Amino acid sequence: FADQIYKAVPKGKTEVARLSWKYSENPGLHINEYEHEQVNINVVYPSVSRNDKDYIVSLLIESLLGGSRGRIHEAVRGNNNLAYFAYPSWDYNDESGYISLISQTSADKLNDLTEVLENEMIRLKTELVTQEELSIVIDEREKIIKSYLSDNRQPYTMTSLEAVGRGYDFNSKVIDLLKAVTPEDVRNFANKYFNNPSIYISKPSAVIR
């Protein structure tokens, strides 16, 4: 059966044009009302494409914000009891990119959560992150890479990296690239991109923000 499917797939180059999404800024507050209990929030900022010269900086910022020891988790769970979860998600292609802060909370904590999420991005713009914090983040990422790259995963990972133009050996070089990023690079990136967020809120229709 699989052989029949394979034979039906056209071989060689296709004649259709390549389609790719492009991030379109839509700043402001956007509310989707529904009848369920939870309140979902997605704070979206423009970011860089996979091929941008600041790709590595954005990779480091995602690690700085994310994870169980990251700034976002600390802000909404470690220092405040504002959300069930919160994490950053960076989406990109060859032409465009954006970073989202995704979280879920109760109706009474929506305003405080929104403010805290936005403030974490403002901190990146106004406060110079310490080299010590960057080093901790990079060490954590290195541990994840080493634990993730088992013998079974290596061929798939290397092929995927090669396919998107990063090079099959990207994971063996990325730590050194991250170590070259300075606190000033992080602040400059934040000031360039983290402005006028698009805020998407899905909430029960009875909730007034």
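Two rings of Phe, Tyr or Trp count as a pair here if their centres lie within 6.5 Å. By this rule the count in the chain, a predicted model, comes to 10 aromatic pairs. One of them is a stop further on.

**Whole chain**

Start with the complete chain in cartoon view. It has 209 residues, and buried residues make up 40% of them. Along the principal axes, the C-alpha atoms fill a box of roughly 55 × 45 × 30 Å. Eight helices and five strands make up the secondary structure. Colour from the N terminus on, and the elements run α-β-β-α-α-β-β-α-α-α-α-α-β. Of the contacts between residues at least 6 apart in sequence, 77% join residues at least 24 apart.

**Helix H2**

Select residues 55-65, which form helix H2. How many residues of H2 are buried? The count is 11 of its 11 residues. Show their side chains: Tyr 55, Ile 56, Val 57, Ser 58, Leu 59, Leu 60, Ile 61, Glu 62, Ser 63, Leu 64 and Leu 65 are the buried residues. The list thus includes Glu 62 as well as Ser 58 and Ser 63. Past the helix, pick Gly 67, which follows H2 and has a positive phi, near 85 degrees.

**H2 against H7**

Add residues 170-179, helix H7. Two packed helices are described by the angle between their axes and the distance between the axes. The axes of H2 and H7 come within 10 Å and cross at roughly 85 degrees. Angles of 65 to 115 degrees count as roughly perpendicular, so H2 is roughly perpendicular to H7. On the H2 side, the contact is made by Tyr 55, Ile 56, Leu 59 and Leu 60. On the H7 side, the residues to display are Phe 170, Val 174, Leu 177 and Leu 178. Sorted by class, this contact has eight nonpolar, no polar and no charged residues.

**H2 against H5**

Now hide H7 and show residues 131-148, helix H5. H2 and H5 pack with their axes 9 Å apart, at an angle of about 90 degrees. H2 is therefore roughly perpendicular to H5. Select Leu 59, Leu 60, Ser 63 and Leu 64 in H2; they meet Glu 133, Leu 134, Val 137, Ile 138 and Arg 141 in H5. These residues divide into six nonpolar, one polar and two charged. Leu 59 and Leu 60 belong to this contact and also to the contact with H7.

**Val 186**

Move to Val 186 in helix H8. Val 186 has a relative accessible area of 1%, so it is buried. What does Val 186 touch, leaving aside neighbours within four places in sequence? Its contacts are Val 57, Ile 61, Leu 124, Val 129, Leu 134 and Val 181. Val 57 and Ile 61 are residues of H2. Draw a distance from Val 186 to Leu 124: their C-alpha atoms are separated by 7.2 Å, although the two are 62 residues apart along the chain.

**Glu 120**

Next, centre on Glu 120 in helix H4, residues 110-126. Is Glu 120 buried or exposed? At 9% relative accessible area, Glu 120 is buried. With neighbours within four places in sequence set aside, Glu 120 is in contact with Arg 71, Ile 72 and Ala 75.

**Tyr 45 and Phe 194**

Select Tyr 45 and Phe 194 as sticks. The ring centres of this pair are 5.6 Å apart and the planes stand at 65 degrees, so the pair is edge-to-face. Tyr 45 is in strand S2 (residues 39-46), while Phe 194 is in the loop between helix H8 and strand S5, 149 residues apart. Tyr 45 is buried, at 3% relative accessibility, and Phe 194 is buried with a relative accessible area of 3%. Widen the selection to Phe 189 and Tyr 193, which form one aromatic cluster with Tyr 45 and Phe 194.

**Charges over rings, and Ser 49**

Return to Tyr 55. The charged end of Arg 166 sits over its ring, 4.3 Å from the centre. Elsewhere, Lys 11 lies over the face of Tyr 6, 4.3 Å from the ring centre.

Tyr 55 also leads to the last stop, Ser 49, in the loop between S2 and H2. Ser 49 is buried, with a relative accessible area of 11%. Not counting residues up to four places away in sequence, Ser 49 touches Tyr 55, Tyr 92, Asn 93, Asp 94, Glu 95, Ser 96 and Gly 97.

Note on methods
Residues are numbered from 1 along each chain as its sequence is written. This is a predicted model: local features need pLDDT of at least 70, side-chain atom pairs count only at pLDDT 80 or more; totals for chains, interfaces and linings use all residues. Side-chain values use heavy atoms; hydrogens and water are left out. Axes are lines fitted to C-alpha atoms, for helices over the stretch in contact, and angles run from 0 to 180 degrees between N-to-C directions. Helices (H or I, at least four residues) and strands (E, at least two) are DSSP runs, numbered from the N terminus. Angles under 35 degrees count as roughly parallel, over 145 as roughly antiparallel, 65 to 115 as roughly perpendicular and the rest as oblique. Contact means heavy atoms within 4.5 Å. Ala, Val, Leu, Ile, Met, Phe, Trp, Tyr, Cys and Pro count as nonpolar, Asp, Glu, Lys and Arg as charged, and the others, Gly among them, as polar. Buried means under 20% relative accessible area, exposed over 50%, partly exposed in between (1.4 Å probe, protein chains only). Rings of Phe, Tyr and Trp (its six-membered ring) pair if their centres lie within 6.5 Å; planes under 30 degrees apart count as stacked, over 60 as edge-to-face and the rest as tilted. A charge sits over a ring if NZ of Lys or CZ of Arg is within 6 Å of the ring centre and within 35 degrees of the ring normal.
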